Amino acid sequence: MGSALQIIIIAVSLALDAVSVSIAGGIEIKQAKIKHAFRVALFFALAQAIMPLMGWFVGNQLRSIVTIIAPWIASSLLVAIGIFMIKEARDEVKEEKRSILSNKTLFLLAIATSIDAFLVGITLGIIKLPLLLSVTVIGVVTFLLCWPAFLFASHLNKRFEGRLDMLGGFTLILLGCKILLTSIL
């Protein structure tokens, strides 16, 4: 398999968690604008591109520790944010701009969904893929998948008049549980 195809497959695989969270976030925003989708996609793309770089630099020195701890951190963050989203959806008073658009929440979600990219970064040198090309493709693919996913989910929520609010939170909780179960099994 050519290295370009390997990089694209890795990029799409890494982006799927961020796409799921983009959909969950888009469901929460009834009147999402293109700039909201751009911000969400940019946060996820930057995290997905930076984390493999960090993983590459850390390399084999801490591989065994990181491999054990990373899934627990990612799943804890996703479950906690998912619970918060469900709680917020149940509250009577709702703000127009939801927490998904806050820098703090976007940062936490971007880190939680890119921990696997950190682990991939550790292995990039082992499988001899070009580092800068790999992280660039990972970032671009993540951006190109997250932007429309966020807008589409927001459109669905607008169309269904907000009845999908809790689905975003449940999606994050399920994603967090999946990460944890995958690491245990």
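The following dialogue discusses how to read the helices, burial, aromatic pairs and largest pocket of a predicted model.

Biologist: On what basis are the values to be read?

Modeller: This is a predicted model, in which local features need pLDDT of at least 70 and side-chain atom pairs count only at pLDDT 80 or more, whereas totals for chains, interfaces and linings use all residues. Residues are numbered from 1 along each chain as its sequence is written, and side-chain values use heavy atoms, with hydrogens and water left out.

Biologist: How many helices and strands are there in the protein?

Modeller: Helices (H or I, at least four residues) and strands (E, at least two) are DSSP runs, numbered from the N terminus. Here the protein has six helices and zero strands, and along the sequence the pattern reads α-α-α-α-α-α.

Biologist: What share of contacts joins residues at least 24 apart?

Modeller: A contact means heavy atoms within 4.5 Å. Among contacts between residues at least 6 apart in sequence, 93% join residues at least 24 apart. Leu-175, found in helix H6, offers a case: leaving aside residues up to four places away in sequence, Leu-175 touches Asp-17, Ser-20, Val-21 and Leu-78. The C-alpha atoms of Leu-175 and Asp-17 are 7.6 Å apart in space, although the two residues are 158 apart in sequence. Helix H6 also holds Gly-169, whose C-alpha atom is separated by 5.1 Å from that of Ile-86, 83 residues apart along the chain.

Biologist: How is burial defined, and what percentage of the residues is buried?

Modeller: Buried means under 20% relative accessible area, exposed over 50%, and partly exposed in between (1.4 Å probe, protein chains only). Accessible areas come from the Shrake-Rupley method with a 1.4 Å probe, and for residues only the protein chains shown count as cover. Buried residues make up 45% of the 185 residues. The accessible surface of the protein comes to about 9900 Å², and 72% of that surface belongs to carbon and sulfur atoms.

Biologist: Is Gly-169 buried or exposed, and is Ile-184 buried or exposed?

Modeller: Gly-169 has 0% relative accessibility, so it counts as buried. Leu-175 is buried as well, with a relative accessible area of 9%. Ile-184, also placed in helix H6, has a relative accessible area of 51% and is therefore exposed. The C-alpha atoms of Ile-184 and Pro-71, 113 residues apart along the chain, are separated by 8.9 Å. In helix H5, one may inspect Phe-152, which counts as exposed at 52% relative accessibility. Phe-152 lies 9.6 Å from Ser-22, C-alpha to C-alpha, with their positions 130 residues apart in sequence.

Biologist: How many aromatic pairs does a search of the whole structure find?

Modeller: Rings of Phe, Tyr and Trp (its six-membered ring) pair if their centres lie within 6.5 Å; planes under 30 degrees apart count as stacked, over 60 as edge-to-face and the rest as tilted. The search finds four aromatic pairs. In one of them, the ring centres of Phe-38 and Phe-143 are 5.4 Å apart and the planes stand at 80 degrees, so the pair is edge-to-face. Phe-38 lies in helix H2 (residues 34-58) and Phe-143 in helix H5 (residues 131-159), so the pair ties together parts that are 105 residues apart in sequence.

Biologist: Which residues do ring pairs link into a cluster?

Modeller: The cluster consists of Phe-38, Phe-143 and Trp-147. Phe-143 and Trp-147 form an edge-to-face pair, 5.3 Å centre to centre with 70 degrees between the planes. Both lie in helix H5, four residues apart, about one turn of the helix. As for burial, Phe-143 is buried at 15% relative accessible area, whereas Phe-38 is partly exposed at 38% and Trp-147 is partly exposed at 26%.

Biologist: What volume does the largest pocket have, and which residues are closest to its centre?

Modeller: Rolling a probe the size of a water molecule over the atoms shows where empty space is left. On a 1 Å grid over the protein atoms alone, a pocket is an open set of points where a 1.4 Å probe fits, with protein on both sides within 12 Å along at least five of seven lines; lining residues have an atom within 4 Å of a point. Grid points are joined across faces, edges and corners, and a volume is the space filled by probe spheres set on the points. The largest pocket has a volume of about 270 Å³. Of its 15 lining residues, Asp-17, Asp-116, Lys-178, Ile-179 and Thr-182 are the closest to the centre.

Biologist: Which elements give two or more residues to the lining of the largest pocket?

Modeller: These elements are helix H1 (3-28), helix H3 (63-90), helix H4 (103-124) and helix H6 (165-184). H4 gives the most, with six residues. The lining divides into seven nonpolar, five polar and three charged residues, where Ala, Val, Leu, Ile, Met, Phe, Trp, Tyr, Cys and Pro count as nonpolar, Asp, Glu, Lys and Arg as charged, and the others, Gly among them, as polar.
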